[in-house]
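Opening the notebook on this one. I want to look at how the chains meet, then go through the sheets and a few local oddities.

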Amino acid sequence: MNHRNLVSINDFSKEEILRIVELAAEFENNPKPGLLNGKVIATLFFEPSTRTRLSFESAVNRLGGRIVGFTDASSSSTSKGESLKDTILTVNNYSDLIVMRHPLEGAALYASEVSSIPIVNAGDGANQHPTQTLLDLYSIKKTQGSLENMNIFLVGDLKYGRTVHSLLMAMSHFNATFNFISPPELRMPDEYKMHLDNLGLKYYEHSDFTDIISRADIVYMTRVQRERFSDPMEYEKVKNVYVLKKEMLENTKANMKVLHPLPRVNEISTDVDDSEKAYYFTQALNGVYTRQAIIASLLGLIK
Amino acid sequence: MTKGKQLSVSAIRNGTVIDHIPAKNLFRVISILGLDKFDHQITFGTNLDSTKLGQKAIIKVSEKTFVGDEINRIALVAPEARLNFIKDYEVVEKSIVKVPLEISGITKCVNPKCITNNEDVMTKFHVINKNGEISLKCHYCEKITDQEHMSAEI
Ligand SMILES: [Zn+2]
């Protein structure tokens with residue numbers, strides 16, 4: 001891979017995405033416990049994200065690497081007013097690669113411009129979270145055998161959902177068909193629909209969450225958050241509408257899988273968990289292999 | 001030298017004449033080029049009649065020849081601008097501005113959560129030119145700053 005950093009999924013070509021997905025499978029099938037022996041990985045979480053941090057730390061630990069870092073800005077020198085640049089240049093001395101999460105958009109790209117060691121973006125505000133996207137793609141590949149020609153249903157908050165935007169951009173390399181299911185207030189923004197129009201890819205918009213998912217290969221659920229609504233009444237109207245229930249799986253395709261970036265609140269009923277179509281916890285496990293593939297690849301430990 | 005039009009603002013001996021600036025953007029051009037901090041003689045005229053622009057402005061900067069990216073930065077606010085390089089009162093070379101592919105440091109990103117609005121980071125944009133309609137995609141946060149918001153910030 002030519003990249004030294006993983007900052008935005010939009011920097012990665014179709015071939016580069018496929019390569020990471022292949023490598024993730026290799027890490028799953030042939031664990032490499034000593035690969036990061038002697039390496040120190042910094043996890044700099046300028047805002048807390050326990051789930052993402054645990055996934056990265058598990059990925060590194062299972063490869064024999066060591067971890068330094070902080071879990072939120074209050075325990076770092078940022079709270080004393082240190083600039084991001086100074087933090088990055090300091091941590092450059094202590095580690096071989098930096099995984100960072102930051103509340104400001106563009107923070108990871110800026111860090112990659114000042115850093116002498118690779119940067120992995122673990123989320124920069126509402127902008128990018130590329131390791132999530134790559135683990136989503138690995139999950140699709142693993143369950144469907146291919147990334148090509150999928151019918152993908154994105155459900156919930158499609159307006160502010162960074163995860164669904166990046167997934168759309170990445171899957172647009174693979175001739176996907178998209179179905180958008182959301183409350184009218186939280187529709188997919190025009191810029192993403194224009195991107196699909198430009199590529200000649202099909203998409204359909206729905207406001208009802210019904211048995212149209214019978215055509216889906218992938219149903220990707222997201223959380224509809226109260227704070228996204230200016231009118232609380234509007235939230236009350238929709239909060240129980242975009243919920244996946246077990247009976248809705250009855251007429252779905254045999255290969256269909258339900259994905260969710262987690263954490264879930266109520267948008268997937270817990271009775272769905274027992275279905276073999278529920279894939280979100282395995283999806284989280286896939287994140288560990290995908291992050292191993294990314295770190296090893298950026299460090300040049302694997303081609 | 002050519003008679004008439006250019007004489008509406010007194011001639012300069014050596015330097016650059018920047019013509020066909022939309023009158024309303026004169027002061028933004030001055031600020032983008034840093035002319036407010038410039039030591040040599042500068043004269044300008046504004047609200048001059050122009051068949052193309054309605055009301056145009058013209059700036060004459062003595063002892064300075066603008067080149068390349070230095071001048072292309074004004075393309076955002078004066079895309080039709082023409083440059084005449086003057087030596088001994090004669091036009092020795094003409095040039096137009098080109099919309100650059102990238103632009104740094106002249107406008108703020110529209111996104112309040114952008115790193116460039118919160119840390120000491122110079123802004124950088126990729127210029128999107130859609131049929132003459134210019135907008136800027138932030139190199140850092142990927143958000144689009146459109147013409148309307150640029151105007152407010154420059
Ligand atoms: Zn920005």
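What follows are my notes, entry by entry, on a predicted model.

**Entry 1: the A/B contact**

I started with the contact between the two chains. How many residues does each chain put in? Chain A gives 17 residues and chain B gives 14. I then looked up the area: the two chains bury about 1,200 Å² between them, with 47% of it on carbon and sulfur atoms. On the chain B side, B:Lys113, B:Ile115 and B:Tyr140 supply 42% of the area that chain B buries against chain A, and no other three residues supply more.

Next I went for the polar side of things. Between chain B and chain A I get 10 residue pairs in polar contact, both residues at pLDDT 80 or more. Sorting the chain B residues that touch chain A by class, I find six charged, five nonpolar and three polar.

How many salt bridges are there between chain B and chain A? The count is one. Its partners are A:Glu105 and B:Lys143, whose side chains come to 3.5 Å, N to O. That is within the 4 Å cut-off used for a salt bridge.

**Entry 2: salt bridges overall**

Over all chains, the same rule gives 19 salt bridges. I picked out one of them in chain A: the side chains of A:Arg19 and A:Glu22 meet at 2.8 Å, N to O. Both residues lie in helix 1 of chain A (residues 14-29), and they are three residues apart, about one turn of the helix.

**Entry 3: the chain B sheet**

Moving on to strands. Chain B has an open sheet of five strands, order 2-3-1-4-5, with antiparallel pairing. Which strands stand at the edges? They are strand 2 (42-50) and strand 5 (90-96), and each has a single partner strand, so one side of each has no neighbour in the sheet. I also looked up the twist: neighbouring strands of this sheet are turned by 20° against each other on average, direction ignored.

I took one pair for a closer look. Strand 1 (residues 15-22) and strand 3 (residues 54-62) of chain B run antiparallel and are joined by six bridges. B:Thr16 has B:Val61 of strand 3 as its bridge partner.

**Entry 4: the chain A sheet**

In chain A I noted an open sheet of five strands, order 7-6-5-8-9, with parallel pairing. Strand 7 (203-206) and strand 9 (257-259) are the edges; each pairs with a single strand, so one side of each is left without a neighbour in the sheet. Here too I get an average turn of 20° between neighbouring strands, direction ignored.

Strand 6 (residues 177-181) pairs with strand 7 of chain A in the parallel sense over four bridges. Opposite A:Phe180 I find A:Glu205, in strand 7. What packs on the sheet here? Helix 7 (residues 190-199) of chain A does, touching strand 6 and strand 7, and its direction makes about 150° with that of strand 7.

**Entry 5: backbone oddities**

Two backbone items in chain A to close. The peptide bond from A:Leu262 to A:Pro263 is cis, with omega near 5°. A:Pro263 sits in the loop between strand 9 and helix 9 (280-298) of chain A.

The other is A:Asn175, which has a positive phi of about 55° although it is not a glycine. Where is A:Asn175? I place it in the loop between helix 6 (162-171) and strand 6 of chain A.

Notes
Residues numbered from 1 in each chain as written. Chains lettered and ligands numbered in written order. Predicted model: local features only at pLDDT ≥ 70, side-chain atom pairs only at ≥ 80, totals over all residues. Heavy atoms only, no water. Contact = heavy atoms within 4.5 Å. Buried area = accessible area lost by both parts, 1.4 Å probe. Polar contact = N/O pair within 3.5 Å; in protein donor to acceptor, adjacent residues only side chain to side chain. Nonpolar A, V, L, I, M, F, W, Y, C, P; charged D, E, K, R; others polar. Pairing = 2+ DSSP bridges. Helix = DSSP H or I, 4+ residues; strand = E, 2+ residues; numbered from the N terminus. Axes fitted to C-alpha atoms, helices over the stretch in contact; angles between N-to-C directions.
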